[in-house]
Amino acid sequence: MVMGFVLVLGARARQGQILRLIDLLPFALWMVSSLLLILFLRIGGYKGPPALPGFILILSAVGVLVRSRMEGSVEGVTGWSHLMQPLGFLWVWVAWWFSRRGRVKWLRPFWFPAFLLSVGVVAALYMLGSQFRGGIYAPGGMTPSEVLKILVPISLAGFFSWRTAAWKNRPCWNPPPGEVMLLGLGWAVLCGLLVMQRDLGLVLLLSLMLVVVLGSVTRSGSWVVLFAGVMAGSGWLILNHVAHGARRFHSWLDPFADPTGAGWQVLQGLTGLYAGGLTGTGLGGGQPDRLPIAGSDFVYAVYGEEMGYLGCVLLLALFAGVLREGARVANAQEEPFSGAVAVGVVALLAAQIIVNIAGVVTLLPITGITLPYISQGGSSYWVTSIQFGLLLGMGDPSTLRKSRKR
Amino acid sequence: MNPNLPLEFLQQIFTDPAWPHVALLLRWLFLAGFAWLLMQLNGGRRGVGRSWLSPMWRMGVGLCFLLIALRQAHWQLMGRRNTEFVAFMQRYDRREFNPAHRVRAGRILDREGRSLALSRVTPQGVRRVYPYGPIFSHVIGYNHPIYGLSGIESGGRRHLLGQQRLQSREAWVSLGAELLDREGYAEGPPLRTTLDLAMQRRASELLGDHRGAVVVMDISSGEILAMVSHPVFDPNRLVDPLFAGRFPHAPLLNRAVAGQYPPGSAFKVLIAAAALQSGFAGTLDTPPDGFTTSAANPRIRDHNYYVARERGQVWRGHGRIGLGEALAKSSNVFFAQLGVDIGAESLLRATHAAGMHRGFSLWDGADATLRVKAATVPDLRDNRPYDIAQFSIGQGRLLVSPLQVCMITAAVANLGLVVKPRLNPDQPMEILGRLCGPEQADTLKWMMYRVVQEGTGRGIQMRELAVAGKTGTAQTGGDRPSHAWFTGFAPVSEPRWAFCVMVEEGGYGSSTALPIARDLLRSGLEEGWLRP
């Protein structure tokens with residue numbers, strides 16, 4: 001972290017900028033907030049998986065580096081965003097404090113209100129929000145639909161734990177009829193509203209999460225197969241019927257068909273990656289100002305240009321570590337509700353990471369979702385923080401099967 | 001303790017020439033540290049529980065990450081194999097290290113084939129070198145990975161990279177492949193310009209520390225032989241403060257085409273052309289106490305009046321004189337009256353005919369440094385005669401560039417035809433308008449010769465060459481010194497070169513601008529690059 005920061009500052013000084021005390025701020029904030037987080041976890045008696053807080057700290061450090069490097073050269077990345085990370089750690093701590101010692105299950109009665117709230121947020125946003133870059137945003141550019149990444153896993157977990165027995169060992173060709181209809185109805189309402197707002201990225205994330213949760217609840221891989229079919233079908237539908245989606249789809253299939261229009265974003269991102277090569281240009285050595293939406297959707301390309309392919313592999317390993325620890329926490333849950341919440345949260349994180357990066361490297365179309373903890377954007381950062389906090393809390397041994405056997 | 005001390009220390013380290021090496025080391029240390037931390041964390045306590053989902057989950061996520069890593073390698077490490085990708089980068093990416101920069105842009109040549117810009121291969125890649133440094137800074141411009149392109153470098157970019165005929169996507173793709181198959185660096189074709197190295201160099205020397213511009217044009221073809229604007233910058237050493245506007249007197253500005261100055265008496269050439277064209281052949285009285293259109297406006301007087309007053313004498317005026325004598329003596333009183341007499345329409349018609357009302361580029365596709373700005377021509381009306389009077393002596397709200405004055409002079413020497421100036425010899429010749437008829441042009445030509453023989457331009461008389469010209473001393477308002485002008489052409493009998501010298505705040509045209517023109521011509525004759 002220190003070395004990375006010196007590199008960022010060094011590159012700025014090389015460009016003729018004079019160092020100011022405030023340039024050290026993001027680094028100092030990260031140090032202080034990290035120490036405080038560790039301290040509070042210690043005081044609160046954190047006994048969860050030891051590697052998880054470490055992964056989170058490293059991830060946040062990489063994020064701080066990338067963002068402070070983009071400050072001033074990428075639109076939307078301003079000094080204000082330095083507060084994003086410390087506040088995020090506050091959220092981690094709050095969510096952990098709330099959810100530890102199995103207290104997540106207290107949320108269970110609220111699953112239906114959580115669903116209603118989700119629908120309410122999306123509906124309100126649809127009516128009040130403003131259009132920008134093909135999506136709908138609340139005043140001030142905030143994206144309140146981010147809270148769905150917390151609310152929907154909770155309501156979904158509540159729904160499944162409502163009648164756990166009904167779902168157990170039911171493959172997709174033999175589902176519990178009533179439950180499936182209810183689930184389908186709720187999902188249609190929520191996703192319908194999201195599609196109307198063109199927030200296809202979120203629909204994709206939530207659907208990926210749904211299928212993972214379904215798979216884990218029913219213990220049948222058939223749902224995954226069904227989902228793949230549904231994805232292909234909806235992909236075809238989007239291609240033919242949603243203009244906004246179709247444009248992205250085509251530019252994904254052949255970015256070179258319209259290099260200065262639809263393919264521009266993707267190709268500039270790839271050009272940045274290519275410029276980075278194996279070892280990168282070094283922090284501060286790349287040219288993120290050439291990338292459109294570098295701060296959020298394409299932050300991975302900025303990172304890849306400066307840290308190179310090796311740095312990217314390390315980042316992927318870091319993400320994999322986070323997900324592995326998260327999956328362990330989820331697997332260890334005994335109580336069905338908290339188990340489903342954990343699975344949902346981890347699935348959402350995984351989906352977000354994979355879909356974002358896959359979009360940058362043209363494995364998937366661009367969906368306009370952020371990269372957790374690296375991208376610019378307060379609401380996304382804090383929601384990810386809460387997700388991490390929940391995982392930390394649920395990792396607390398008192399909720400784990402193994403510890404009770406002892 | 002000074003809280004800024006550690007910062008200053010850091011700043012010193014960062015600006016040290018050795019920093020890039022340290023940064024490289026730090027980069028590797030950073031990657032190594034990152035990897036080490038990950039290994040530490042992964043080496044911790046093994047899983048806290050397993051279920052049947054684990055393998056499937058692990059496989060799924062693992063597969064996704066693997067696919068991402070492979071796909072990313074396809075672009076990041078092996079992007080070079082994708083010719084379309086390469087073509088895209090060549091076209092739209094300015095990063096220094098991409099394959100597009102493996103082309104050595106062709107040399108830019110002067111009219112004799114001497115290199116004014118060339119590409120050199122350095123360990124960091126291809127670099128553009130300008131052997132004559134600042135002398136051609138505005139006209140040739142620069143080609144820099146960070147600061148981009150300007151001047152002929154920008155307009156001739158496609159030609160210099162050998163992409164003149166690459167109109168289609170397929171052509172780009174094949175070029176990408178061709179480039180990468182080849183070892184080393186391909187060189188683009190050279191680009192010939194109309195410039196003359198010797199003349200440009202001498203003009204720049206003569207302008208020296210003055211701010212201003214020198215333009216020399218071939219009269220019949222419109223080819224620009226020299227175009228100098230001072231102050232200059234060195235295209236070999238571009239720096240941030242230059243582009244941040246922190247240098248005094250705007251060195252990036254190409255004063256020859258984009259400078260806007262009152263032309264003063266140099267503009268009387270155009271007024272004379274308009275008068276001859278509208279049939280004026282008479283004489284006008286030039287009273288010693290000047291001329292004005294109404295008592296409310298200050299009187300326009302001749303230079304001689306002020307000189308006499310300074311010496312405590314009384315000037316008696318030129319008396320009743322004709323156009324030729326008025327031009328030779330540069331009589332403001334005469335021309336102010338003449339302008340009012342012939343009227344706004346004739347004057348505006350002449351400015352239009354001289355091509356001053358609209359901007360144009362000296363090189364198709366070039367950036368703003370080669371864009372000739374439209375002159376600022378006031379909206380003349382016959383019911384506002386004082387505006388016309390001021391316009392007729394090149395003052396008031398009228399602003400022109402040195403190139404435009406040169407174009408007027410060239411038209412007088414070219415049977416009244418206004419030829420579009422150009423730097424590209426392959427660009428077809430274009431006539432912008434007709435300033436006046438051939439007879440009128442011929443009359444005016446000899447009047448301008450008379451300026452040098454017996455008028456304000458006597459300083460440029462030389463035995464070897466018959467020169468015609470016109471001085472100008474343009475007031476700039478306030479207490480600032482006047483802008484000095486001299487424009488002319490040579491040889492008078494068979495005109496070949498038109499020139500214009502402008503020195504910002506240089507004082508009298510005859511004492512500052514004229515000697516530069518004279519020495520330029522004289523050097524040309526002595527050194528042999530001007531052959532009448």
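Where in chain B does Pro231(B) lie? Pro231(B) is in the loop between β10 (224–230) and α9 of chain B. The legends below describe a predicted model, in which local features need pLDDT of at least 70, side-chain atom pairs count only at pLDDT 80 or more, and totals for chains, interfaces and linings use all residues. Residues are numbered from 1 along each chain as its sequence is written, chains are lettered from A and ligands numbered from 1 in the order in which they are written, and side-chain values use heavy atoms, with hydrogens and water left out.

**View 1. Cis peptide bonds before Pro231(B) and Pro491(B).** The bond from His230(B) to Pro231(B) is cis, and its omega is near 0 degrees. A cis bond also joins Ala490(B) to Pro491(B), with omega near -20 degrees. Pro491(B) occupies the loop between β18 and β19 of chain B. Helices (H or I, at least four residues) and strands (E, at least two) are DSSP runs, numbered from the N terminus.

**View 2. Aromatic pairs in chain B, including Tyr142(B) with Phe243(B).** Over all chains, the structure holds 16 aromatic pairs. In the pair of Tyr142(B) and Phe243(B), the ring centres are 5.7 Å apart and the planes stand at 85 degrees, so the arrangement is edge-to-face. This pair links distant parts of the chain, 101 residues apart: Tyr142(B) is in the loop between β4 (125–129) and β5 (143–144) of chain B, and Phe243(B) is in helix α9 (residues 240–243) of chain B. Tyr142(B) counts as buried because its relative accessibility is 8%, whereas Phe243(B), with a relative accessible area of 30%, is partly exposed. The rings of Phe486(B) and Phe499(B) are stacked, because their centres are 6.1 Å apart and their planes lie at 25 degrees. Phe486(B) belongs to strand β18 (residues 483–490) and Phe499(B) to strand β19 (residues 497–503) of chain B, so the pair ties together parts 13 residues apart in sequence. Both Phe486(B) and Phe499(B) are buried. Rings of Phe, Tyr and Trp (its six-membered ring) pair if their centres lie within 6.5 Å, and planes under 30 degrees apart count as stacked, over 60 as edge-to-face and the rest as tilted. Buried means under 20% relative accessible area, exposed over 50%, and partly exposed in between (1.4 Å probe, protein chains only).

**View 3. The aromatic cluster of chain A.** Phe40(A), Trp93(A), Trp96(A) and Trp97(A) are joined into a cluster by ring pairs. Chain A contains 16 helices and two strands, and 61% of its 406 residues are buried.

**View 4. Helices α6(A) and α9(A) in contact.** The axes of α6 (residues 148–162) and α9 (residues 200–218) of chain A come within 11 Å and cross at roughly 30 degrees. That angle makes α6(A) roughly parallel to α9(A). On the α6(A) side the contact residues include Val152(A), Leu156(A) and Phe160(A), and on the α9(A) side they include Leu206(A), Met209(A) and Val213(A). The contact comprises 13 nonpolar, no polar and one charged residues. Axes are lines fitted to C-alpha atoms, for helices over the stretch in contact, and angles run from 0 to 180 degrees between N-to-C directions. Angles under 35 degrees count as roughly parallel, over 145 as roughly antiparallel, 65 to 115 as roughly perpendicular and the rest as oblique. Contact means heavy atoms within 4.5 Å. Ala, Val, Leu, Ile, Met, Phe, Trp, Tyr, Cys and Pro count as nonpolar, Asp, Glu, Lys and Arg as charged, and the others, Gly among them, as polar.

**View 5. Packing around α11(B), α15(B) and α16(B).** Helix α11 (residues 268–277) and helix α15 (residues 344–353) of chain B have axes that come within 9 Å and cross at roughly 120 degrees. α11(B) is therefore oblique to α15(B). Leu270(B), Ile271(B), Ala274(B) and Gln277(B) of α11(B) meet Ser346(B), Leu347(B), Arg349(B), Ala350(B) and Thr351(B) of α15(B). Five nonpolar, three polar and one charged residues make up this contact. In helix α16 (residues 385–392) of chain B, the buried residues include Tyr386(B), Ile388(B) and Phe391(B). The buried residues of α16(B) pack against α11, α14 (332–342) and α15 of chain B. Gly394(B), just after α16(B), has a positive phi of about 70 degrees.

**View 6. Loop residues His249(B) and Ser330(B) with positive phi.** His249(B), although not a glycine, has a positive phi of about 65 degrees. His249(B) sits in the loop between α9 and α10 (255–258) of chain B and is partly exposed at 46% relative accessibility. For Ser330(B), phi is near 55 degrees. Ser330(B) lies in the loop between α13 (323–329) and α14 of chain B and is buried, with a relative accessible area of 11%.
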